[in-house]
Amino acid sequence: MANLAKEYAPKAGALSIGQYCPPLCFELAGKRFELKMDYGEDTGDASLHFLDEKRVEWSIKSSGVSKVDEYKCLKGDDYTYLVSWCVKDGDNPDAISSENHTWIIDREQGLVTFLRCAKGENPYWKYLIESHFTFGAIKEEGKEIGAKRHGFTDECIGSCVQWTYGHEMSTVHVYYSSNWYRITYPKDAVVSEQGAAQNEQLNSLLKDLPGSDEPAYYVKIKEGMYLVSLTEQNMERYVGEKVGFRSDTLCFLDNYNRLYDVGRGYGTSTFNPGALMADGSVPAEASPNEGEIFVMIGAYGKPGEVDDHFFTDPNPYTV
């Protein structure tokens, strides 16, 4: 008799952080949203027209100029959508994008959050990604827009969550500051040699850093739901060439009512994906090959367990 779990485990594990991503949502196909984006860095009227299950026509900052890109959508709850796409060059759609747009469309409250992640703004590190937030509301005919918006919050601070992205991939997030987070790996035993090798590789990378601290943003969407955005900027500054994943930025729509999240990862890889070893590591002789990272994510959560010092250790990157 076949053991299907054992047979398919390596294939499932190869999906890495995307293994537990739920199926894409196509409910927005054919819908149009006119938006008033009035708080944050990219204020102005915006428009999102989901042409079908893959393409969105969009414009921002009252430019009146629209563009079409391919989007992906996941749901955080019955009425809240995380939509993301990479801004492509119309003349060369295969080129690596320099910007990712992620929207939280909250149809329950008629509110939206726009996260624009851009590469190339820092002259010292070309792969470094900066995050820009704008908050607004959905325009509806005959309905007045209220005063409330999604916004930055410190309600997550003091939380520690173990997020499980696959049957052998979990991380522990420590939300200890309103502008930073820390990461570690669970103390649970890992079943397979491959899983142990991946954890060891990640732990060895962290040892090359002054600390695992990375800049983070926390946005309250509604009661029990938060958007957490973090970017591996210090990883890029200190070990970027070694790890090959350059300044990855990840955002998670955390649903604490159900203890799961959906999200996306965006960044640049600078190694030849075909050169990966069986344990997921990158051999020293791997040839450079710049590629785009864009992945949708899903994870299940549970209260994490870490030593108290994860909440109290000083941040090694700030005075």
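Which residue in β8 is the bridge partner of Phe114? In this predicted model, the β8 residue paired with Phe114 is Thr134.

**How far to trust it**

Let's get confidence out of the way. Mean pLDDT for the protein comes to 91, with 89% of its residues at 70 or more. One stretch to watch is residues 273–282, where pLDDT stays under 50. The model still has 17 contacts beyond four places in sequence for residues 273–282. Where pLDDT is low, the predicted coordinates should not be read in detail.

**The barrel**

Back to the strands. In the order β1-β2-β3-β4-β5-β6-β7-β8, 8 strands close into a barrel, and their pairing is antiparallel. From one strand to the next, the twist averages 35 degrees. As a bit of background, strands of a sheet pair through backbone hydrogen bonds, either parallel or antiparallel.

Here are three of the pairings, all of them around β6, β7, β8 and β1:

| Strand pair | Sense | Bridges |
|---|---|---|
| β1 (residues 32–40) and β8 | antiparallel | 5 bridges |
| β7 (residues 111–119) and β8 | antiparallel | 9 bridges |
| β6 (residues 99–106) and β7 | antiparallel | 8 bridges |

Some individual partners help when you trace these pairings on screen. Thr102 has Leu115 as its bridge partner in β7. Over on the β1 side, Tyr39 stands opposite Phe135 in β8. As for β8 itself, 9 of its 10 residues are buried, so you can call the strand mostly covered.

**His132, a residue in β8**

His132 sits in strand β8, which spans residues 129–138. Is His132 buried or exposed? His132 counts as buried because its relative accessibility is 11%, and the cut-off for buried is under 20%. Its side chain makes a polar contact with the side chain of Glu121, at 3.0 Å. Setting aside neighbours within four places in sequence, His132 touches Glu41, Asp42, Phe114, Leu115, Arg116 and Glu121. Two names on that list have already come up: Phe114 is the bridge partner of Thr134, while Leu115 is the bridge partner of Thr102.

**Tyr175 in β11**

Further along the chain, Tyr175 is part of strand β11 (residues 169–177). With a relative accessibility of 0%, Tyr175 counts as buried. Which side chain joins that of Tyr175 in a polar contact of 3.1 Å? That would be His173. Beyond four places in sequence, the contacts of Tyr175 include Cys156, Ile157, Trp163, Tyr181, Tyr218, Asp254, Tyr256 and Phe311. Val228 is in contact with Tyr175 as well. Tyr175 and Val228 lie 53 residues apart along the chain, and their C-alpha atoms are separated by 9.7 Å.

**Cysteines**

How many disulfides does the model have? The count comes to 0 disulfides. Cys73 is in no disulfide, and its nearest cysteine sulfur, that of Cys25, is 4.2 Å away. The cut-off for a disulfide is sulfur atoms within 2.5 Å, so a pair at 4.2 Å does not count. Cys73 is buried, its relative accessible area being 1%, whereas Cys21 counts as partly exposed at 22% relative accessibility.

Notes: Residues are numbered from 1 along each chain as its sequence is written. This is a predicted model: local features need pLDDT of at least 70, side-chain atom pairs count only at pLDDT 80 or more; totals for chains, interfaces and linings use all residues. Side-chain values use heavy atoms; hydrogens and water are left out. Helices (H or I, at least four residues) and strands (E, at least two) are DSSP runs, numbered from the N terminus. Buried means under 20% relative accessible area, exposed over 50%, partly exposed in between (1.4 Å probe, protein chains only). A polar contact is a pair of N or O atoms within 3.5 Å; within protein, one must be able to donate a hydrogen and the other to accept it, and residues adjacent in sequence count only if both atoms are side-chain atoms. Contact means heavy atoms within 4.5 Å. Two strands pair if DSSP finds at least two bridges between them. Axes are lines fitted to C-alpha atoms, for helices over the stretch in contact, and angles run from 0 to 180 degrees between N-to-C directions. pLDDT is the predictor's confidence in each residue, from 0 to 100.
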